[in-house]
Amino acid sequence: ALVPPPISRVVMKFGGSSVRDAERIAEVASLVRAQMVEHSVQPCLVCSAMGKTTNGLLAAADRAIDEGTVDLSTVRALHVDTLDALSISGTDASEVVELLDKCERTLEGVALLGELSPRTRDLVVSYGERLSGRVVAATLRRQGVRAQQLEAWDVGVVTTDEFGEATPLDQSWEGIAASLLPVMEEGTVPVVTGFIGKPRGRRLAGHWGRVTTLGRGGSDLTASLLGAAAGFDEVQVWKDVDGILTADTRADCGRQRARADPRICPAAAPVARVTFDEAAELAYFGAQVLHPLAMQPCRRAGVPFRAASSLVKNSYNPAAEGTLISADGSACSETRLVSAITSKNGARLRGEEQGAYGFLARVFAAFDRWRISIDVIASSEVSVSLTLNKNQLLERRSISALEHLPAGVERSEALVGLMADLEQVANVRVSGGHSIVTLIANVGCSSAVVSAVCAAMDRLGIPVQMISQGASKVNISIVVPEERAVEAVQELHRHFFEQPPDCAGAS
Ligand SMILES: Nc1ncnc2c1ncn2[C@@H]1O[C@H](COP(=O)(O)OP(=O)(O)O)[C@@H](O)[C@H]1O
Ligand SMILES: N[C@@H](CC(=O)OP(=O)(O)O)C(=O)O
């Protein structure tokens, strides 16, 4: 007799690209059904806002504060058209429209008061995930799957109150297990809002006060948190690519720049396995495919994490396996020295001091005070060079300008403060226009990797401004001029991935 496969509980996260329109949402619903029927999966869904909705809401909030006008037309049209195309009507449709109206009223408040705090910005942005979850749950129900949309805070996601960049608190873990499992045990598929949560706080006017967001791309973190806290068998993040690729296929696909980029490494291929450490380093150093903190909950609970493709490209070609991210199982080995390459832009800061005792301690204390992270560092007795994450330096509203920074370096209150502190201990120079190119590599063979990297840069005449190897067990980074970063990635990709394996080392 046929023994049915064991039921596995899986978080399935669908990002903006996977739920960008009616067609994709219908495909997501079929994919979920197939997992349930063919693979005995009991899923919990996590959804991001549809397509570019988050950007649209941020732009609408900016317009409300800058121009005093409220324009939600693009976001409204996308959702209303999707409801129509999916034939969603009745209560399911009116809930979505009510939420759109509420979002509009929030924007009217911003325009009227002329105030847009990080807290209000988070509230505005949260409508994106709350809208998409309702559309996805309604689509599943139309396909005969019992599904219920749930706000992240309804399943216990409690965060710090750092609006715009909140972190889930440990107390979430118990709450999630207690609220998610009963819903699933009764045979319902929860559809949870990614990216958002609520800070711990007093119960206000019938609801838990405020809404927070987990930073751009934060739905990956929600998915990991839910799966880890509820002790699931796997967390799957479904993307528009076949998993983690050996390099991005688009140049600087960072969320700050919306330009359509030429393909950077068309030969990039999916990596079958990476470790949590490797994935986290890759995400932190620029690969937009995963949220940098998303590995943490799964690593803590030992729950495997998989990045897979939600695009069924061809019915004759079964869905790609994706990339399995787990505690062991690096793609690097004695012969495969590098598993992926990424890059990101940053600013470089150089400080000089005459060998005083405690110099570096004072430098680090200043970074700690202003909560600015250092990406790559090179130091000697008399000087220290560091690169800073450009995203952290983005100008925020109501912040005075820092006149003496060179063009290309963004200004922020934190950077102004940091500079003032550092100038007490050293002569400081800040320059923009640098990129960090990072190789997720077998650091055990770092000499081979570094010599191959330097030879490749030498071939192209690209100056290597800094190099950092072995600071983490899996990462070798170089700093190059920003305008040469794409070339550098392409050449390194050619060298490490587009040659026969026996040449992939230090040739
Ligand atoms: N190393 C990489 N592997 C795969 N994708 C990458 C990599 N680096 C950057 N990306 C980009 O990440 C995108 C997928 O991430 P994202 O847009 O955040 O997905 P989603 O919105 O579905 O969560 C891909 O389209 C790709 O351009
Ligand atoms: N919608 C949010 C959160 C998110 O995770 O999105 P995505 O899964 O599409 O990267 C954002 O755009 O940042």
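**Reasoning from values to terms**

Author: Happy to start at the ligand: a polar side-chain atom of Lys-13 lies 2.7 Å from an oxygen atom of ligand 2. Please keep in mind that this is a predicted model.

Reader: What makes the approach of Lys-13 to ligand 2 a polar contact?

Author: The cut-off is a pair of N or O atoms within 3.5 Å. With 2.7 Å between a polar side-chain atom of Lys-13 and an oxygen atom of ligand 2, the pair is within that limit, so it counts as a polar contact.

Reader: Which atoms of Thr-54 and Ser-219 approach ligand 2?

Author: For Thr-54, an N or O atom in the side chain is 2.7 Å from a nitrogen atom of ligand 2. For Ser-219, a backbone N or O atom lies 2.9 Å from an oxygen atom of the ligand. Both distances are within 3.5 Å, so both pairs are polar contacts.

Reader: How many residues surround ligand 2, and which are the closest?

Author: There are 13 around ligand 2, with Lys-13, Ser-48, Thr-54, Glu-129 and Arg-216 the closest.

Reader: Now the helices. Why are helix 4 and helix 5 called roughly parallel or roughly antiparallel?

Author: Helix 4 (residues 90-113) and helix 5 (residues 118-142) pack at about 170 degrees, with axes 10 Å apart. Angles over 145 degrees count as roughly antiparallel, so helix 4 is roughly antiparallel to helix 5. The residues of this contact divide into 12 nonpolar, two polar and six charged. Among those of helix 4 are Leu-99 and Cys-103, while helix 5 brings residues including Tyr-127 and Leu-131.

Reader: How do you know that strand 6 and strand 7 pair?

Author: Pairing needs at least two bridges. Two bridges join strand 6 (residues 196-199) to strand 7, so the requirement is met, and these strands run antiparallel. Ile-196 stands opposite Thr-213 in strand 7.

Reader: Why do strand 4 and strand 7 stand at the edges?

Author: The open sheet of three strands has the order 4-6-7, with mixed pairing. Strand 4 (158-159) and strand 7 (212-213) each have a single partner strand, so one side of each has no neighbour in the sheet.

Reader: What makes strand 15 a partner of strand 12 and of strand 17?

Author: Bridges again! Strand 15 (residues 427-441) is joined to strand 12 (residues 338-352) by 13 bridges, and to strand 17 (residues 475-481) by seven. Each count satisfies the minimum of two, so both are pairs. The strands run antiparallel in the pairing with strand 12 and in that with strand 17. In strand 15, Thr-438 is the bridge partner of Thr-342, and Val-437 has Ile-478 in strand 17 as its bridge partner.

Conventions
Residues are numbered from 1 along each chain as its sequence is written. Chains are lettered from A and ligands numbered from 1 in the order in which they are written. This is a predicted model: local features need pLDDT of at least 70, side-chain atom pairs count only at pLDDT 80 or more; totals for chains, interfaces and linings use all residues. Side-chain values use heavy atoms; hydrogens and water are left out. Helices (H or I, at least four residues) and strands (E, at least two) are DSSP runs, numbered from the N terminus. Axes are lines fitted to C-alpha atoms, for helices over the stretch in contact, and angles run from 0 to 180 degrees between N-to-C directions. Angles under 35 degrees count as roughly parallel, over 145 as roughly antiparallel, 65 to 115 as roughly perpendicular and the rest as oblique. Contact means heavy atoms within 4.5 Å. Ala, Val, Leu, Ile, Met, Phe, Trp, Tyr, Cys and Pro count as nonpolar, Asp, Glu, Lys and Arg as charged, and the others, Gly among them, as polar. A residue is near a molecule or strand if one of its heavy atoms lies within 4 Å of it. A polar contact is a pair of N or O atoms within 3.5 Å; within protein, one must be able to donate a hydrogen and the other to accept it, and residues adjacent in sequence count only if both atoms are side-chain atoms.
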